[in-house]
Amino acid sequence: MTQYIIRRSLMAVPTILLVMFATFMLLRMVPGNLVEIMLAENPYATEQDRIDLEQQLGLDEPVPLQFVKWVGNALKGDLGESPWTTRPVTEELKGRLPVTLEFGFLGILIGLVIALPIGVWSAMRQDTMSDYVGRSFAILALSVPTFFLALLLVIFPQMWFGWAPPLLYVPWADGPVQHVWYFFWPALLLGLNLAGGVMRLTRTMMLEVLRQDYIRTAWSKGMRERVVIMRHGLRNAMIPVITVIGLQVSVAIGGTIILETIFNMPGVGRYFVSAVFQRDYPSVQGVVLVLAIVVIFVNLLVDILYGVIDPRIRYS
Amino acid sequence: MTRTETNYWQRLNERKTSRRTVLRGAGVAGAGGAGWALVGCGGDDDDGGNGGGSATNTPANGGSGPTATPEPQATPTPAGDTIKRGGHFNMAMGGSPRSLDVHFDTFPYNTAVVTNTNNGILQFSPDLTEIQTDLATGMPEQPDDLTFTFKINQGVMWQDIAPVNGRELTAEDVKWSIERQMTDEAGKFQHAYFFLGAVDSIDAPDNETVVFNMSKPFAPFLSYVASPWSMIVNREAVEEYGDLTEHAVGTGPFIFKEWQKDVKFELEANPNYWKKDQFGGALPYIDSFTINIVTDPDTYGTLFIDKQLDAALLGESQLSRVQEARSDAFYRSQPSQFWRQFRMQPTTPDAPYVAPFDDIRVRQAVVQGIDPQEYLDLVYNGDGIVTHGPILPVYENWALKETPEGARYDPAAAIALLEAAGNPTVSGPMIWAATTPTLEQVAQIHQAQLAAIGVTLELQPMELAAYYNQTYAYEYTFSSHTPLNNPDPDENLSSYFGRNSTFFKHHNEDIWAKIDAQATELDFERRQQLVEEVQIDIVNDFPMKFLYTTNNHGFTDPKVQNWFYSADLYNGRIHNIWLDA
């Protein structure tokens, strides 16, 4: 197992390098240039100002050299400094990344809490009313955009019942209960969005598994339903489901951006959007790098979980 | 003879005292809606005043402290005993500053914070139409056109926090701060242009005197001194922290306590604040306040309806539901300072107009083919005002009172002009920063209106940064742009139509000369005349159509007293408010 983890971690290095390279180059290829934008705020900027600013920001050097320098600094934990705020990117991310990770984790957790029972129940009661309701729910969750649900939640409960979800961020230190209550609503919306796909896959996989000979054997041995479903059914159905959950981490990160805005959450998503608009190269590069590492790590975790769920899987 | 008693700004203010009645009632806007609203170069205020703040519904009076000109207040102050002390005020703004360093940032979200922690030598009134004293005891002495001598109030104390620890402010501090602002370093000291090239040197001959020695007569000087971007910052803090990106240390009424990035600012009353109210009582009245960062307009509206905010400045999209749900709140509509331009090809000496725009009749036809009121009616439910030239009507001393005849909407005349020009093919792409759906609606109206006179626009929405790149390369045929107007006419004329302009390029040496002339004209009436003339010349040269500005809508909980929120958060002072409950 240890060898497998080391091998997978080493295999992640070229992936990360590729992500870094692609982000770095694409940022410089898309229309919209950091220096132009910074100078656009000065009504009397001159050509000399442009040259000076390029030098200050190190953008006058050849792009490959800039890339090598950035990678070298990143290896030392230095992701550069935002030219707009003059603050280290690592400092900016230190406060924001935990918020986004917490939000994403809660969203996925709520999504699983919703999706797995409904998926299993739908499979167990195939083509009954409860199955139809469950499947309809999944389609609804998949088809209604999260931002739309969020706006409904922000506007209508206040209008109808005089109640609004908490919309101002509360740090854990200022009140753990309020903190969790604040995260619950956006996490519920994120979870609903993620639940649809997981629910449908869980149902499909359970239907497949429940038709297997070993399940028939389990039933014929007189095992209790809970044991048959949970131990022999769900466990075998979970491998592809876990794969999808792993992939949904990146979906969840994407989904956090809009919800962070609507719920005033100080996460990476808002920071990232702002950085993109401002062509804040170091910040964009830093965020993409960190998120890529998170996604790679989660997928490594998923691969390890395969073996935990199905001991037949060996990491040799 | 010194010109102290009859100086330019005193005469200007005297004139305005009798002319401001309309605007005093109406107030002016805090626009600032877009988190990405670059000062002077086109953000977007379409989602409204999401910029924060509010205004109450009673015309101004009153004043405070040692200022020479009374500060406009939102509600009357009948007697000192009606003022209640204490409490926490909760407001919001639509985005975050990039930095708390006023010398670095250009987002008004910065000044919403720093105008409460720091003071300037002078200040604008909240409605941005008057210049008042702040740290200065009065308006400056002007022994000649090249010298401004300010006397600084004595007993002004820096806040009692590290690293300055409550020492007294000196003239040397003021000199140092303005000299820092003048640092010629591109990309950082964004407001150096206020003084660079105009201020030759600054002297502090004693602890209470600051002398600006000008290299040329410079009419915008006092405007720039009064700008929130010229707040006096603390030297020890800069030396301690390197810059003031995350620190605000000043002489102002509130002490900066905390900035939770993308969440909120927390400020507490400065117990040693040097200014007193008109009854000699201590300021500020409230104990503390929070500025929440609320970027989504729907969320902002809900927070005010839910009484989680004491004040809100909202766009048209939130107006009806907030009015309906909070009928108890004070409400006032205020014009935004973001305005809309429909631009044609920029020109420089090396890149003159290309056909068919080299024929002034074609440009005039385009201008006459556009009806500004229709945008307001169709996109904003009539919620805004038509503008007539490069200066917004809110600056009533400088703005044109009506659109020059040849630039008014007249499609029949536009068609006739095109016929006279030989019916050339007038077409091309129109670019804009596609940041909100309303901007697309605006673009579609441009297209439809001009199609009616035979001009074809190919709509080309662009991502914001890409738009800026193209805009500042000055390579486009048509553009729909949303810049921010500023209090001094020179900033609106020089930076768009002057010889060294960068926000737009328009090559017309007569216009350049007139813009130069108004910038050095220290006589108010003469300058006003020059500004009017050059605006008419600009409009009649048809480089663009000046369109409209939308309104923002200020709501305040009834408990909030004596607050007039300034346009664009430009002057975010809440020095004198109190809470009734």
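A nonpolar core is a set of buried Ala, Val, Leu, Ile, Met, Phe, Trp, Tyr and Cys residues joined through side-chain atoms within 4.5 Å. Keep that in mind for the second stop. The model on screen is predicted.

**Stop 1: chain B as a whole**

Select chain B and colour by secondary structure. You should find 16 helices and 19 strands. The chain has 581 residues, and 66% of them are buried. Its accessible surface is about 17800 Å², with 48% belonging to carbon and sulfur atoms. Now consider the contacts in chain B with a separation of 6 or more: 73% of them join residues 24 or more positions apart.

**Stop 2: the nonpolar cores**

The largest nonpolar core has 155 residues. Which of its members touch the most other members? Select B:Phe89, B:Ile121, B:Leu122, B:Phe150, B:Phe212, B:Phe221 and B:Phe265. In soluble globular proteins, nonpolar side chains tend to be buried together.

Centre on B:Phe265. Beyond its neighbours within four places in sequence, B:Phe265 contacts several residues, including B:Met93, B:Pro97, B:Leu100 and B:Val113. B:Phe256, B:Trp259 and B:Phe289 are also among its contacts. So are two residues with polar side-chain atoms, B:Glu258 and B:Thr290.

A second, separate core holds 86 residues. Among them are A:Ala74, A:Met199 and A:Ala218, together with B:Leu309.

**Stop 3: B:Asn90**

Move to strand E1 of chain B, residues 88–93, and pick B:Asn90. Is B:Asn90 buried or exposed? Its relative accessibility is 17%, so B:Asn90 counts as buried, the cut-off being under 20%. Show its side chain. A polar atom there lies 2.9 Å from the backbone oxygen of B:Gln308. B:Asn90 also touches B:Leu309, B:Asp310 and B:Ala311. B:Thr290 and B:Asn292 are among its other contacts. Two names here have come up before: B:Thr290 also touches B:Phe265, and B:Leu309 belongs to the second core.

**Stop 4: helix H10 of chain B**

Select residues 372–380. The buried residues of this helix are B:Pro372, B:Tyr375, B:Leu376, B:Val379 and B:Tyr380. Look down the axis of H10(B): these buried residues fall within an arc of 100°, so they line one face of the helix. An α-helix has 3.6 residues a turn, so residues three or four places apart point the same way.

What do the buried residues of H10(B) pack against? Show helices H8 (316–325) and H12 (437–451) of chain B. Add strands E12 (330–344), E13 (384–386) and E17 (544–556). Then step off the end of the helix to B:Asn381, where phi is positive, near 55°.

**Stop 5: a loop in chain B**

Go on to B:Pro393, in the loop between E13 and helix H11 (411–420). B:Pro393 is partly exposed, at 24% relative accessible area. Draw a distance to B:Glu440, 47 residues away along the chain: the C-alpha atoms are 25 Å apart.

**Stop 6: the interface**

Show both chains. The contact takes 49 residues from chain B and 44 from chain A. Together the chains bury about 4100 Å², and 55% of that is on carbon and sulfur atoms. Highlight B:Arg98, B:Ala186 and B:Asp262: they supply 14% of the area that chain B buries against chain A, more than any other three residues.

**Stop 7: A:Trp163**

Finish in chain A, in the loop between helix H7 (146–161) and helix H8 (176–210). A:Trp163 is partly exposed, with a relative accessible area of 32%. Its contacts include two more tryptophans, A:Trp181 and A:Trp185. A:Leu153, A:Pro157 and A:Gln158 also touch A:Trp163. From A:Trp163 to A:Leu153, 10 residues apart in sequence, the C-alpha distance is 9.9 Å.

Conventions: Residues numbered from 1 in each chain as written. Chains lettered and ligands numbered in written order. Predicted model: local features only at pLDDT ≥ 70, side-chain atom pairs only at ≥ 80, totals over all residues. Heavy atoms only, no water. Helix = DSSP H or I, 4+ residues; strand = E, 2+ residues; numbered from the N terminus. Buried < 20%, exposed > 50% of the residue type's maximum accessible area, 1.4 Å probe, protein only. Contact = heavy atoms within 4.5 Å. Areas by Shrake-Rupley, 256 points an atom, 1.4 Å probe, with all protein chains shown as cover. Polar contact = N/O pair within 3.5 Å; in protein donor to acceptor, adjacent residues only side chain to side chain. Arc of directions from axis to C-beta. Buried area = accessible area lost by both parts, 1.4 Å probe.
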